[in-house]
Amino acid sequence: MTPTRLRFLRLRPQEIALLAITAVWGGTFLLVHWAVEHTGPWFFVGIRFLVAGAISVAIFRRSLRGIRWVDLGAGVAIGVMIYAGYGLQTFGLQTIESSTSAFITALYVPLVPLLQWAVFRNRPPAMAFVGAGLAFVGLLLIAGPDAFALTLGAGEIATMISTLPIAGEIILISLFANRIDLGRITVVQLLTAGLLGLATMPLVGEALPSFSWVWLGAALGLGAASCIIQLTMNWAQKKVSPTRATIIYAGEPVWAAVIGRIAGERLPVTALIGGALVVLGTLASEIRLVRRRDRS
């Protein structure tokens with residue numbers, strides 16, 4: 001006989017760190033929404049990540065002396081994913097509601113384990129799929145009933161496309177995590193995302209914005225937050241799988257909803273249930289099915 005028992009794994013320091021930055025990540029949503037009311041999306045993405053890159057250079061300037069081609073290649077690849085994911089998502093926020101954006105962006109939750117399986121032939125544990133599914137359903141409930149009435153305009157399409165590079169970023173970080181220097185790759189990926197953001201402006205006809213303390217303050221604050229987020233992701237995903245990390249990142253809308261509630265928004269019952277499902281999805285991904293044979 002081979003009875004199955006459930007075993008809960010304790011949270012490792014890396015997973016606790018990812019939970020913490022997910023809270024920070026969720027808190028940045030409102031700032032981005034305010035910022036794009038005063039500036040174009042690509043300018044803001046460029047300035048935000050250049051600020052983050054400058055902070056990382058100040059922190060890791062000594063380690064940059066021995067930078068290798070593998071550090072550059074990995075950093076640029078991840079930086080392109082950051083640029084495309086954040087850029088398209090920021091572009092979409094100009095024309096769609098935050099609940100609709102949250103629903104579409106949630107597509108990356110089940111997308112990561114599927115891409116990991118399809119591209120790298122690395123099948124995640126069964127409970128990782130269960131956790132991703134629970135988290136995804138929870139995100140749908142948080143988004144609310146309006147999220148299901150999608151009309152595919154430019155904002156919706158851009159946000160939908162952004163889920164691919166967001167998933168790609170998570171997978172690439174885990175792929176390169178144990179091959180590169182932590183400081184060097186953080187610097188390269190942040191500067192790459194920032195430079196590409198500014199380079200996109202003339203291509204799409206986006207003009208320089210008028211000065212505003214709103215976008216400047218948001219860029220400085222989010223630049224520091226982005227540096228912390230990317231540095232933590234690069235460090236933690238050396239030990240945390242892409243699928244497991246994705247389940248943790250799925251808590252971002254929950255934190256965004258909490259901050260929205262503090263700002264005066266009232267959460268419907270369905271959103272509270274959705275938040276509970278996201279938490280349950282995180283816990284489910286901790287479960288491992290272990291089979292043991294009875295001794296004869």
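How much accessible surface does the protein have, and what share of it belongs to carbon and sulfur atoms? The accessible surface comes to about 14300 Å², and carbon and sulfur atoms account for 67% of it. The model is predicted.

## Overall fold

The protein contains 12 helices and two strands. Along the sequence the pattern is β-α-α-α-α-α-α-α-α-α-α-α-α-β, with a strand at each end of the series and the helices in between.

Of the 296 residues, 50% are buried. Among contacts between residues at least 6 apart in sequence, 93% join residues at least 24 apart.

## Salt-bridge network

General background comes before the individual pairs. Side chains of opposite charge can pair when their charged atoms come close. A search of the whole structure finds four salt bridges. Arg 68, Asp 71, Asp 181 and Arg 184 are linked in a network of such bridges.

Within this network, Arg 68 pairs with Asp 71, with 3.1 Å between the closest N and O atoms. Arg 184 also forms a salt bridge with Asp 71, at 3.1 Å from N to O. Because Arg 184 lies in helix α8 (residues 182-204) and Asp 71 in helix α3, this pair ties together parts that are 113 residues apart in sequence. Arg 184 meets Asp 181 as well, and here the N to O distance is 3.9 Å.

The members of the network vary in burial. Asp 71 has a relative accessibility of 0% and counts as buried. Arg 184 has a relative accessible area of 13%, which is under the 20% limit, so Arg 184 is buried too. Arg 68 is partly exposed at 37%, and Asp 181 is partly exposed at 24%.

## Gly 75 in helix α3

Helix α3 covers residues 69-92 and includes Gly 75. The relative accessible area of Gly 75 is 0%, so this residue is buried.

Which residues does Gly 75 touch, not counting those up to four places away in sequence? They are Ile 185, Val 188, Gln 189 and Thr 192. Gly 75 and Ala 193 are separated by 118 residues in sequence, while their C-alpha atoms are 9.7 Å apart in space. The salt bridge between Arg 184 and Asp 71 also connects helix α8 with helix α3.

## Helix α7 and Thr 163

Helix α7 spans residues 154-176 and contains Thr 163. At 1.5 Å a residue, its 23 residues should span 33 Å, and the end C-alpha atoms are 33 Å apart, which agrees. Of these 23 residues, 17 are buried, so α7 is largely enclosed by the rest of the structure.

Is Thr 163 buried or exposed? Its relative accessibility is 4%, so Thr 163 counts as buried. A polar atom of the Thr 163 side chain lies 2.7 Å from the backbone oxygen of Met 160. Apart from neighbours within four places in sequence, Thr 163 is in contact with Ile 104, Thr 105, Leu 107, Tyr 108 and Leu 111.

## Nonpolar surface patch

Leu 11, Ile 16 and Leu 19 make up a nonpolar patch on the surface. Together these residues have about 240 Å² of accessible area.

Leu 19 belongs to helix α1 (residues 13-35). With a relative accessible area of 31%, Leu 19 is partly exposed. Patch members need over 30% relative accessible area, so the 31% of Leu 19 meets that cut-off.

Conventions. Residues are numbered from 1 along each chain as its sequence is written. This is a predicted model: local features need pLDDT of at least 70, side-chain atom pairs count only at pLDDT 80 or more; totals for chains, interfaces and linings use all residues. Side-chain values use heavy atoms; hydrogens and water are left out. Helices (H or I, at least four residues) and strands (E, at least two) are DSSP runs, numbered from the N terminus. Buried means under 20% relative accessible area, exposed over 50%, partly exposed in between (1.4 Å probe, protein chains only). Contact means heavy atoms within 4.5 Å. Accessible areas come from the Shrake-Rupley method with a 1.4 Å probe; for residues, only the protein chains shown count as cover. A polar contact is a pair of N or O atoms within 3.5 Å; within protein, one must be able to donate a hydrogen and the other to accept it, and residues adjacent in sequence count only if both atoms are side-chain atoms. The expected span of a helix is 1.5 Å times one less than its number of residues. Patches are made of residues with over 30% relative accessible area and no salt bridge: like charges are joined within 9 Å, nonpolar side chains (Val, Leu, Ile, Met, Phe, Trp, Tyr) within 5 Å. A salt bridge is a side-chain nitrogen of Lys or Arg within 4 Å of a carboxyl oxygen of Asp or Glu.
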